[in-house]
Amino acid sequence: MVGLQPLTATPSLHPRAALLIDADNFHHPKQLLAVFSQFRQHAGKGFICHVHGDGKLLQNDALKSVWIEMAARLFPCLPLRKNTTDVALVADALVLHFRYGVTRFAVASGDADFAPLSMQLRELGCEVTCYARMAIAFDGMVSYYDRVVRFDVLPLSLAGSSAS
């Protein structure tokens with residue numbers, strides 16, 4: 001009888017795209033779903049969705065159904081005095097690239113702290129999109145990303161009854 005061999009993970013078995021969300025800066029349910037939908041159109045099905053942020057925010061009842069719909073994996077920041085969300089997202093991106101071969105990234109934030117990450121990923125041959133809320137978008141951000149999608153307000157098709 002032939003013994004079964006364990007499958008070994010190779011980069012070709014993993015999704016090549018990842019949506020990384022900074023939930024501390026990007027947490028409106030309708031905007032999150034719009035970002036997810038737009039990235040799916042750009043990257044195709046089967047991409048990774050990781051959400052980094054404050055644990056209390058990630059467990060917010062209004063967001064639980066959003067995380068389920070997005071098949072998101074949640075990464076609460078460390079319980080320290082200083083918020084660790086940004087650095088955790090950067091570390092996650094590098095692991096996804098070097099361990100799993102992800103080459104297409106989207107960062108939902110607009111925070112200038114992610115400009116060095118985008119530059120590094122682009123130097124490594126990756127494509128990087130930024131989904132940004134204008135309230136936190138930094139000047140010149142279009143120079144640091146391959147593509148920038150700005151959310152000045154909710155898209156008309158999503159505005160519905162919510163005005164926040």
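Select Ala88 first, in helix α4. This is a predicted model. Ala88 counts as partly exposed, at 29% relative accessibility. Now add Gly53 to the selection. The two C-alpha atoms are 9.0 Å apart, while Ala88 and Gly53 are separated by 35 residues along the chain.

**Along helix α4**

Stay on the helix and pick Phe98. Helix α4 covers residues 85-100, and Phe98 is found there. Is Phe98 buried or exposed? Its relative accessibility is 59%, so Phe98 counts as exposed. Add Leu94 and Leu124, then show the surface. Together with Phe98 they form a nonpolar patch, with about 270 Å² of accessible area for the three.

**The phenylalanine cluster**

Next, go to helix α1 and show the rings of Phe36, Phe39 and Phe47. Ring pairs join these three into a cluster. How many aromatic pairs does a search of the whole structure find? The search finds two.

Take Phe36 with Phe47. Their ring centres are 5.3 Å apart and the planes meet at 50°, a tilted pair. This pair links distant parts of the chain. Phe36 sits in helix α1 (residues 29-43), whereas Phe47 is in the loop between α1 and β2 (48-53). The two are 11 residues apart.

Check how covered they are. Phe36 has a relative accessible area of 9%, so Phe36 is buried. Phe47 is at 14% relative accessibility and counts as buried.

Now swap Phe36 for Phe39. Why is the pair of Phe39 and Phe47 edge-to-face? The ring planes stand at 80°, and the cut-off for edge-to-face is over 60 degrees. The centres of the Phe39 and Phe47 rings are 4.8 Å apart. Phe39 is buried, as is Phe47.

**Into the core**

Hide the surface and select Leu19, Ile21, Trp67, Met70 and Tyr131. The largest nonpolar core has 25 residues, and these five touch the most other members. Colour the elements that give two or more residues to this core: β1 (17-22), α1, β2, α2 (55-58), α3, β4 and β6. Which element gives the most? It is α1, with five residues. There is a broader pattern to keep in mind: in soluble globular proteins, nonpolar side chains tend to be buried together.

**Two cysteines**

Select Cys49 and Cys130. Cys49 is buried, at 3% relative accessibility. Cys130 is at 0% and also counts as buried. How many disulfides does a search of the whole structure find? The search finds zero. A disulfide would be a covalent bond between the sulfur atoms of two cysteines.

**Three salt bridges**

Turn to the charged side chains. The structure holds three salt bridges. Show them one by one.

- Lys64 and Asp61: the side chains meet in a salt bridge, 3.4 Å from N to O. Both residues lie in helix α3 (residues 61-69). They are three residues apart, about one turn of the helix. Lys64 is partly exposed at 37% relative accessibility, whereas Asp61 is exposed at 63%.
- Arg104 and Glu127: the closest N and O atoms of this salt bridge are 3.4 Å apart. Arg104 lies in strand β4 (residues 104-109) and Glu127 in strand β5 (residues 127-133), so the pair ties together parts that are 23 residues apart in sequence. Arg104 is partly exposed, with a relative accessible area of 26%. Glu127 is partly exposed too, at 24%.
- Asp146 and Arg122: these side chains meet in a salt bridge at 3.2 Å, N to O. The pair links distant parts of the chain, 24 residues apart. Asp146 is in the loop between β5 and β6 (147-151), and Arg122 is in helix α5 (residues 115-123). Asp146 has a relative accessible area of 40%, so Asp146 counts as partly exposed. Arg122 is partly exposed at 32% relative accessibility.

**Last view**

Finish with two selections side by side. Put the cluster of Phe36, Phe39 and Phe47 in one colour. Give the surface patch of Leu94, Phe98 and Leu124 another. In the first, Phe36 is buried at 9%; in the second, Phe98 is exposed at 59%.

Key: Residues are numbered from 1 along each chain as its sequence is written. This is a predicted model: local features need pLDDT of at least 70, side-chain atom pairs count only at pLDDT 80 or more; totals for chains, interfaces and linings use all residues. Side-chain values use heavy atoms; hydrogens and water are left out. Rings of Phe, Tyr and Trp (its six-membered ring) pair if their centres lie within 6.5 Å; planes under 30 degrees apart count as stacked, over 60 as edge-to-face and the rest as tilted. Helices (H or I, at least four residues) and strands (E, at least two) are DSSP runs, numbered from the N terminus. Buried means under 20% relative accessible area, exposed over 50%, partly exposed in between (1.4 Å probe, protein chains only). Patches are made of residues with over 30% relative accessible area and no salt bridge: like charges are joined within 9 Å, nonpolar side chains (Val, Leu, Ile, Met, Phe, Trp, Tyr) within 5 Å. Accessible areas come from the Shrake-Rupley method with a 1.4 Å probe; for residues, only the protein chains shown count as cover. A salt bridge is a side-chain nitrogen of Lys or Arg within 4 Å of a carboxyl oxygen of Asp or Glu. A disulfide is a pair of cysteine sulfur atoms within 2.5 Å. A nonpolar core is a set of buried Ala, Val, Leu, Ile, Met, Phe, Trp, Tyr and Cys residues joined through side-chain atoms within 4.5 Å.
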